[in-house]
Amino acid sequence: MTTISSLNAGILPTASLTGAASVTPTSGNLSAEAIAESTVVTIPSPQVESPVVYTPEGTLAGVEPTVSWAQNNTDAVSRVMAGDYAAGTMSGQFYDLGSAVLDRFNTTDSNFSQSVTVGPVGGPDALKLSGLTPQGDIKLTVQTKSGATVGIELYSGDGTLSVNVKSSGPLSDADRSAVAKLADSFQQAIDGLTSSPPALNLNGLTQYDTSVLSSVQMQFNVTNDGFNDVSANIALNSSTRSIQLADSTGKINVSVDTSDSAIWGSSAQQNQAIASYLTQFDKADAQGHGSSALMSMFKDAFTQMNSNYGTSSQQLPGTTYSPWLAQSDHAMLTGLADFNASITDNPVSSNPYVPDQTDNFSYQVSQNTKTEGDLMNGKISQTQQAHLKASYHEPLAGNTLALTTSAASQNYQYVQVNADSSSTVNIATERNNIIQATLNRSSSQSTEVSQYEHAVLVSDVTTPTSTSESTDLLALLKPFLTNGQAEQDSAGWQQTLSAIHSAVLL
């Protein structure tokens, strides 16, 4: 802005303005009249204002945020939220929050909601990064045997941390107590999945009070959090247990059919079977060069879904009146409930020179049992199967793997593995006597090794292998079946059953 000021003191004249009096000095001394008639143009320097600075999150730097609560925040859950909402990680946002919400059921079954929102003063909507910041959504749904459904949701995202609790109807004291007992288990599951790297801690949830609750389901989803992105669905009820999980490295699925408790073995048999499978998983991971982190979660999922479902509450067909016969039949089975489990790594293009030549790992394992018969006669067939399909790059002997877009780097072997194995036990009893007990095992594998030197295929060799064997388990038991009850109570009998159980595991 230009301003015009009259001169009222003896100073040097300035440039004249149009329409204003102009004075040209004739000497170094100005007359009073000249001073009176003179004007001066003052052009001020532009004022430099402080720059407006935004943080990477789109908020104004140096401005105190506003914190607003949806409800009065003096209750126990709100106090936990007050300590969590400013945390910079998902684990911090949900710290102790799941347990605090379920602890409410110790004293009340009323619905509840609360949210706290943090927003910067003057933060323009145009700069909000909605959908780009980490978001977490956790849901727990509990069904009681009395017919009520309790739903809990925890949410964090876009500057808001919220809790919502809703019950479809009134809860009895037993209902409230059973829900409240899930507090620590729910929090342990949250802490595991929000940790970095994520982990599974579901043992507590699998031990929910089955006399009061009919099902427990937990859904977990974290997005826009880089390598910590995880989605999981855990479902538990009287007939099935399952978990589906996906993260930045791949997917795992474990489903266990707990509807037929007759095939469950003793705790020792179950533990032995789980340990055997975990060893098998490690071998498959090493053979196929899978993701060790994802395999670790797969092993945890398999163990936790197959633990703490109890021991057999029913008799196998044809063994009702013969405890020793039930012992032998259980020894010839794994002791686990039937299951389907799989792990699949996300494909990786590790060779930019041949991007379609990807590294892959996929592994499936299952058990299926069929039983038929009555109190006196019965048939049992149990089949275990495993399938591995994998491909990977490995360096030539004495070299390191450093694949680039240069042909000079293309010195490696590309290995493709396709392997199957199976184990089947067939048992038949007639009038409380074993008339058949066989174990059939088989495996096959095809390994193709393609060798490249300076991007030229110099060899391609496929090696197939296969094995099969059949074992008469009845022959191993016969020495103990002719001398009465004393033999079935002997140490030799128990040792034989243990050896048979080890043999039938895949």
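Accessible areas come from the Shrake-Rupley method, run with a 1.4 Å probe.

**The whole chain, before we zoom in.** What you're looking at is a predicted model. Its chain has 13 helices and 17 strands. The accessible surface comes to about 25,100 Å², and 50% of that belongs to carbon and sulfur atoms. Of the 506 residues in the chain, 40% are buried. Take the contacts between residues at least 6 apart in sequence: 67% of them join residues at least 24 apart.

**Leu-154 in the largest nonpolar core.** This core has 103 residues, and the ones that touch the most other members are Leu-154, Met-218 and Tyr-363. Helix H9 gives the most to the core, with seven residues. Pick out Leu-154 and look around: leaving aside residues up to four places away in sequence, Leu-154 touches Phe-94, Leu-97, Gly-98 and Val-101, among others. Its list of contacts also includes Ile-138, Val-163, Phe-186 and Ile-190.

**Strand E11 sits in a run of paired strands, with E10 and E12 as its partners.** E10 (residues 240-247) and E11 (residues 250-257) run antiparallel and are joined by seven bridges. Together they make a hairpin, with two residues between the strands. To find one pairing yourself, start at Gln-244 and look for its bridge partner in E11, Asn-253. E11 and E12 run antiparallel too, joined by eight bridges. Here you can spot Asp-257 standing opposite Asp-338 in E12.

**The two faces of E11: which residues are covered, and which are uncovered?** In a regular strand the side chains alternate between the two faces of the sheet. Follow E11 along and you'll see Gly-250, Ile-252, Val-254 and Val-256 on the covered face. Lys-251, Asn-253, Ser-255 and Asp-257 make up the uncovered one.

**Ser-342 and its neighbours in strand E12.** Ser-342 is found in E12, which covers residues 338-345. Is Ser-342 buried or exposed? Its relative accessibility is 18%, so it counts as buried, because the cut-off for buried is under 20%. Not counting residues up to four places away in sequence, Ser-342 touches Lys-251, Ile-252 and Asn-253. Phe-298, Tyr-363 and Gln-364 are on its contact list as well.

**Helix H10 is largely enclosed by the rest of the structure.** Why can we say that H10 is largely enclosed? Because seven of its nine residues are buried. Those are Trp-324, Leu-325, Ala-326, Ser-328, Asp-329, His-330 and Ala-331.

**Tyr-321 helps make a nonpolar patch on the surface.** Tyr-321 is found in the loop between helix H9 (292-305) and helix H10 (323-331). With 53% relative accessibility, Tyr-321 counts as exposed. Leu-375 and Met-376 join Tyr-321 in the patch, which is about 300 Å².

**Two salt bridges turn up in a search of the whole structure.** Side chains of opposite charge can pair when their charged atoms come close. One pair is Asp-173 and Arg-176, whose closest N and O atoms are 3.0 Å apart. Both residues are in helix H5 (residues 173-180); they are three residues apart, so about one helical turn separates them. Asp-173 is exposed, with a relative accessible area of 58%, while Arg-176 is buried at 16%. The other pair is Asp-282 and Lys-299, again with closest N and O atoms 3.0 Å apart. Asp-282 lies in helix H8 (residues 267-288) and Lys-299 in H9, so this pair ties together parts that are 17 residues apart in sequence. Asp-282 is partly exposed, with a relative accessible area of 38%.

**Odd backbone spots in three loops.** Most residues other than glycine have a negative phi, and most peptide bonds are trans. Now look at the peptide bond from Ser-196 to Pro-197: it's cis, with omega near 0°. Pro-197 lies in the loop between helix H6 (183-194) and helix H7 (203-206). Next comes His-289, in the loop between H8 and H9. His-289 isn't a glycine, yet its phi is positive, about 55°. This residue is partly exposed, at 44% relative accessible area. Finally, find Ala-455 in the loop between strand E16 (433-453) and strand E17 (456-472). Ala-455 has a positive phi as well, near 70°, and its 27% relative accessibility counts as partly exposed.

Key:
Residues are numbered from 1 along each chain as its sequence is written. This is a predicted model: local features need pLDDT of at least 70, side-chain atom pairs count only at pLDDT 80 or more; totals for chains, interfaces and linings use all residues. Side-chain values use heavy atoms; hydrogens and water are left out. Patches are made of residues with over 30% relative accessible area and no salt bridge: like charges are joined within 9 Å, nonpolar side chains (Val, Leu, Ile, Met, Phe, Trp, Tyr) within 5 Å. A salt bridge is a side-chain nitrogen of Lys or Arg within 4 Å of a carboxyl oxygen of Asp or Glu. Helices (H or I, at least four residues) and strands (E, at least two) are DSSP runs, numbered from the N terminus. Buried means under 20% relative accessible area, exposed over 50%, partly exposed in between (1.4 Å probe, protein chains only). Contact means heavy atoms within 4.5 Å. A nonpolar core is a set of buried Ala, Val, Leu, Ile, Met, Phe, Trp, Tyr and Cys residues joined through side-chain atoms within 4.5 Å. Two strands pair if DSSP finds at least two bridges between them.
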